[in-house]
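Trainee: I'd like to learn how to read a structure by asking about it piece by piece. Could we go through this one together?

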Amino acid sequence: MKHFLIFFSFILGVLFLLSPASAVAKVNVFACEPEWAALAEEIGGEKVEAFSATSATQNPHYIRARPSLISKVRNSDLLICSGASLEIGWLPILLRKASSNMQPGSIGYLMAANIVPRLEVPVEVDRSMGDIHPEGNPHVHLNPYNLILVGKSLADSLAKIDAENASFYKNRYRDFSSRMRKAISRWESEAKSLKGKPIIVHHKSFSYLLDWLGMEQLGALEPKPGIPPTTSHLKNLLQQLKNNPVDVIIRTPYDPDNASKWLSEKTGTKEIILPYTIWGDKQSGDLFALFERMIALLKKV
Amino acid sequence: MNKLRFTAMTVIFAVLVLSGSSAFAASDEEIEALRNEIRAMKSEYENRILEMEKKLKEMETKSSRAETTYSKSKDRSFPGRAIYNRNLNPAIGAILGGRFASFSSDEGDIPGFVLGHEGERGTEGISLGETELNLSTSVDDKFYGHITTALVDEVDGVEIELEEVYVETLPGVGLPTGATMRMGRAFWTFGYLNEHHAHADDFADRPLPYRVFLDNGFNDTGAQISYVLPTDFYIEGGGGIFRGNDFPFAGGEGTDINSFSAFLRLGSDIGQNSSWRVGAYMLDGEATSRTGGHGHGEEHAHEEHMEEEEHGHEGEETHEEFFSAGMFTGDTRLYAVDFRYVWAPTGNIHEKELLLQGEYFWRDEKGVYTLTEDEEVHEENLNGESSGWYAQGVFKFAPQWRIGARYSQLYSPKDSDIEHDPYAVAVMGDWSNSEFSRLRLQYNYEKLGEDLSDNQILLQYIMSIGAHAAHKY
């Protein structure tokens, strides 16, 4: 009996040794895209464990509600996504298995597009216009001001979910925001020369970046959002470019290259891949490096 | 005893104090460091920040203004064009389908199996097929509701089928995270295809085992619960109880729970490029006077009866006839295993994708088969153990183009004395302009009986208008 009690108290002790670990357990963040996982790491530091459902090589509009994602979301505490229907094809399936604190309207449910001003909000919506999003363009992270706005909401949510570390998140947000502001002012002066420069995109993934930098988006290789480039559309673009040349044709790492290569060959216009999100290329390992790199690439043209 | 308790308490207390204080110490230091940093930056960039603050403020007000103008534009409600589930109205969607079919054989029966209404070979020539109407939305913070009705254009008029009418618990209901309960009528979790609507299939028709074992899909009335385990590795288990009135069951009057199911699924990723899922399923219940479909018992029995007369059989029935045209009463249990594997370069399924999928079914069925001929009733106690499987591969080689091949195989019931095991081969190619439209051409070769071979050409369109629910894995 005595041995049993000693053993029992030993087990209890071990359990209590283990339990503080759960008290400082990290907040599990399920990010739909790598940029939001990166933002969560900026704001949450070592107190969060951020997971991204997609990578820079995957079109976030088209992934499958894979079994691994169901498990990930089920074991997460906070969801952060672009929103504006970007994840409409797979996120609803995952959300059914997520905790009640991650449902729309809850503290653990953050949609960036609901926080920032949206571009290209259509006045009229019809599917004949292609796969346009009634809420507007969802690729909001490419304006760094938006990162500050979303970062603030994220810090608020983290502070509520992990109340013990509320001041930690608030301070990290303040730090992030001041570093971002510093960087923005540098980028803005660096990118002055880009203002007004005409550009062609593969898909309207860069509208926020171009809007921020004051560049001019003269067209897209896709005839309509989500519809792959067609020969007739490319021929029209070719004609257009002959009359009004552009500086560069840009696309994301996940867009196919054939259309931009074709147009580039025919017109002599340079075509480049902008990293678009974290690890879109080797140099873009965090949010700061991402903008640094995109501006450098655009300036090189 | 007291001493022991005291020691334990001390240990616990010490541990708590230690862990707590270390955490506080770390965060204090950090906060101080951060504060200093921020102070330094602030003084350095104060002007700049003020300017930016203004810009941010502007954006923030702009953002709230954007919301209001947006919601206003929403209110203008373009008829029939509410796209996604954004307001209090349910998401409304419809699937429009149509096809042309040409068969070389006059007969579409599968010797050794009684086909239900849905599992029969489709109509030849030009037909509408099924037109699906979907309504779905959250009921409140705890429940979600969904309706799918199919309008089936038949020779003798339009038939309305309630394919799915269910409510499902939302995570707010208070069940443990990862648990969901669904009640009503639905395409229940059994194998891979059963959960999916036919419009989402990769082929124009369902494979042989689905046609004979499930009458294309099991959507009995009942309830099902499922639970995703809190593990990193995907494990989901669950089960259901049903009225027992849909193929392979029949005669469930609702007075009792006549059938139940159980399932287990596992899945994961392999690197960035591929993912997989496997599952094991069981469906168990009773059938009373089963001929096929949703309780059309007698009507079909009559048809079969007529057919038998036409064939002009006399005297002794062979076992084959019992299995091909008889009415079944007894216990039926169906086991299934399925797998699905998805591969795409860098995981970007929009450009290229390979889908491999297969299911194996085993039916354990023992009971009485009844044949009625010239008012004479013949009964026989038979072992209807049978099995079947299919495997398919679909390759998307360009964003809008896919090709696929499928092989299905059946093994005739044990006591049926049928030498031939039915099999079918299908190849297809389809083109999708967008996520919402698809055109498909399919060729089938079916060898269902010793002298029964059928060459089929199917041309099909599937279009989705309005809201379109996200697709499952």
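**Rings, sheets and domains**

Mentor: Let's start with a pair of rings: B:Trp188 and B:Phe242 are both buried. Keep in mind that this is a predicted model.

Trainee: Okay, what kind of aromatic pair do B:Trp188 and B:Phe242 form?

Mentor: Over all chains, the structure holds 27 aromatic pairs. In the one formed by B:Trp188 and B:Phe242, the centres are 5.1 Å apart and the planes make 50 degrees, so with stacked meaning under 30 and edge-to-face over 60, the pair is tilted.

Trainee: How many residues apart are B:Trp188 and B:Phe242?

Mentor: B:Trp188 is in the loop between strand S6 (179–185) and helix H2 (208–213) of chain B. B:Phe242 belongs to strand S8 (residues 234–242) of chain B. The pair links distant parts of the chain, and the gap is 54 residues.

Trainee: And the rings of B:Phe263 and B:Tyr281, is that pair stacked or edge-to-face?

Mentor: Their ring centres are 6.4 Å apart, and the planes meet at 25 degrees. Planes under 30 degrees apart count as stacked. So the pair of B:Phe263 and B:Tyr281 is stacked.

Trainee: Which strands of chain B hold B:Phe263 and B:Tyr281?

Mentor: These two are 18 residues apart, and the pair links distant parts of the chain. B:Phe263 is in strand S9 (residues 259–270) of chain B, and B:Tyr281 is in strand S10 (residues 274–290) of chain B. So you're after S9 and S10 of chain B.

Trainee: What is the relative accessible area of B:Tyr281?

Mentor: Buried means under 20%. B:Phe263 is buried, with a relative accessible area of 6%. B:Tyr281 counts as buried too, because its value is 3%.

Trainee: Which residues form one aromatic cluster?

Mentor: You already know B:Phe263 and B:Tyr281, and both belong to it. The full list is B:Phe113, B:Phe190, B:Tyr210, B:Phe213, B:Phe263, B:Tyr281, B:Phe361 and B:Tyr390.

Trainee: What about charges over rings: where does the charged end of A:Arg96 sit?

Mentor: Let's warm up inside chain A, where A:Lys47 lies over the face of A:Phe168, 4.9 Å from the ring centre. For A:Arg96, the ring is in chain B, and the distance to its centre is 3.9 Å. The charged end sits over the ring of B:Tyr144.

Trainee: On to sheets! In what order do the four strands of the open sheet in chain A come?

Mentor: Strands of a sheet pair through backbone hydrogen bonds, either parallel or antiparallel. Here the pairing is parallel, and the order is S6-S5-S7-S8.

Trainee: Why is one side of S6 and of S8 in chain A left without a neighbour in the sheet?

Mentor: S6 (216–220) and S8 (270–273) of chain A each have a single partner strand, so one side of each has no neighbour in the sheet. From one strand to the next, the twist averages 30 degrees. As for the reason you asked about, S6 and S8 of chain A stand at the edges.

Trainee: Which helix packs on that sheet?

Mentor: It touches S5, S7 (248–251) and S8 of chain A. Its direction makes about 170 degrees with that of S8(A). That's helix H10 (residues 287–300) of chain A.

Trainee: How many bridges join S11 to S12 in chain B?

Mentor: S11 (residues 327–343) and S12 (residues 353–373) of chain B run antiparallel. B:Arg340 stands opposite B:Gln357 in S12(B). The number of bridges joining S11 to S12 in chain B is 17.

Trainee: In the hairpin of S12(B) and S13(B), which residue takes a positive phi?

Mentor: S12(B) and S13 (residues 376–383) of chain B pair in the antiparallel sense over eight bridges. B:Thr372 has B:Val377 as its bridge partner in S13(B). There are two residues between the strands, and the phi is near 50 degrees at B:Asp374.

Trainee: Is A:Ser157 buried or exposed?

Mentor: A:Ser157 is in helix H5 (residues 144–161) of chain A. Not counting residues up to four places away in sequence, A:Ser157 touches A:Leu78, A:Ile107 and A:Leu110. Its relative accessibility is 4%, so A:Ser157 counts as buried.

Trainee: Last one: what distance separates the centres of the two domains of chain A?

Mentor: Chain A is divided into domain 1 (26–187) and domain 2 (191–300). Their contact takes 37 residues from domain 1 and 28 residues from domain 2. Taken over C-alpha atoms, the centres are separated by 24 Å.

Note on methods: Residues numbered from 1 in each chain as written. Chains lettered and ligands numbered in written order. Predicted model: local features only at pLDDT ≥ 70, side-chain atom pairs only at ≥ 80, totals over all residues. Heavy atoms only, no water. Pairing = 2+ DSSP bridges. Axes fitted to C-alpha atoms, helices over the stretch in contact; angles between N-to-C directions. Contact = heavy atoms within 4.5 Å. Buried < 20%, exposed > 50% of the residue type's maximum accessible area, 1.4 Å probe, protein only. Phe/Tyr/Trp six-rings, centres within 6.5 Å; stacked < 30°, edge-to-face > 60°. Lys NZ or Arg CZ within 6 Å of the ring centre and 35° of its normal. Domains from an automatic or database assignment.
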